[in-house]
Amino acid sequence: VRLVGSEMCIRDRLGGFYKPHMVTKDSEGYLYIVDQGNHRIQKFAHDYTPMGWIGFHPDKNLYSGWRTDLTPIKTDDMGGFDNPVSIEIHNERLIIVDSGNHRILRYSLNGIFDGWIGGTNDMPILDWNYGGDSDIVNYENAFFKAPYDAKMMLGSIVIADGHKKRIVLLDNK
């Protein structure tokens, strides 16, 4: 038996986990693990050494890549997570479902924030939006309500939209 991270790691430090939920691997063999309880995604090398995390920290630097310092926080601020549940790799990008914030986020494999989809019923964001003050989402009327998974298939993104009891197919642009 091999452990990724360590039972001795403090759960919110790099390499520690609190409710790890899903794992995927890129073409170079790096592991990406949804650390649901810590509201982040962690990246591990081939030998299972932790390389960093993405998520949100109060310094608000979404464009610094994989972080090894500090710890992420639960937030609805852009680029952060509240209950991330699934991850997919498509075209050298991470597609991450953030169930608690009712949106899908995209990051580069280098850990750089690259957009999101979600929005409201009246104004759904169907193309990847790249952040900014105008991107505040009314989560009571979210386009997605607690999405659970997203997969890229045949030029579309297929989203399991849990609490709205539906599957959403969007053209991938």
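Here is a short conversation about a predicted model, taken one feature at a time.

Biologist: Welcome to this structure! In the open sheet of four strands, what is the strand order?

Modeller: Let's start with how the strands sit together. The pairing in this open sheet is antiparallel, and the twist from one strand to the next averages 20°. Reading across the four strands, the order is β1-β2-β3-β4.

Biologist: Which strands stand at the edges of that sheet?

Modeller: An edge strand has a single partner, so one side of it is left without a neighbour in the sheet. That description fits two strands here, namely β1 (20–25) and β4.

Biologist: How many bridges join β2 to β3?

Modeller: Strand β2 covers residues 31–35 and β3 covers residues 40–44, and the two run antiparallel. One of the pairs is Leu31 with its partner Phe44 in β3. The number of bridges joining β2 to β3 is five.

Biologist: And what is the bridge partner of Lys25 in β2?

Modeller: Strands β1 and β2 also run antiparallel, with five bridges between them. Their hairpin has five residues between the strands, and Gly29 takes a positive phi near 95° there. In β2, the residue bridged to Lys25 is Leu31.

Biologist: Let's move on to a loop residue: is Phe56 buried or exposed?

Modeller: Phe56 belongs to the loop between β4 (50–54) and β5 (84–90). Its relative accessible area is 5%, and the cut-off for this class is under 20%. Phe56 is therefore buried.

Biologist: What distance separates the C-alpha atoms of Phe56 and Ile73?

Modeller: Along the chain, Phe56 and Ile73 are 17 residues apart. In space, their C-alpha atoms are separated by 5.9 Å.

Biologist: Which residue's side chain joins that of Asp149 in a polar contact?

Modeller: Asp149 lies in strand β10, which spans residues 147–153. Leaving aside residues up to four places away in sequence, Asp149 touches Val97, Val158, Ile159 and Ala160, among others. The polar contact between side chains has a length of 3.1 Å, and the partner of Asp149 is Ser86.

Biologist: What is the phi of Tyr48, which is not a glycine?

Modeller: Tyr48 sits in the loop between β3 and β4. With a relative accessibility of 29%, Tyr48 counts as partly exposed. Its phi is positive, at about 70°.

Biologist: Finally, where is Glu92 found?

Modeller: Glu92 is a residue other than glycine with a positive phi, near 60°. As for its place, Glu92 is in the loop between β5 and β6 (93–98).

Conventions. Residues numbered from 1 in each chain as written. Predicted model: local features only at pLDDT ≥ 70, side-chain atom pairs only at ≥ 80, totals over all residues. Heavy atoms only, no water. Buried < 20%, exposed > 50% of the residue type's maximum accessible area, 1.4 Å probe, protein only. Pairing = 2+ DSSP bridges. Axes fitted to C-alpha atoms, helices over the stretch in contact; angles between N-to-C directions. Polar contact = N/O pair within 3.5 Å; in protein donor to acceptor, adjacent residues only side chain to side chain. Contact = heavy atoms within 4.5 Å.
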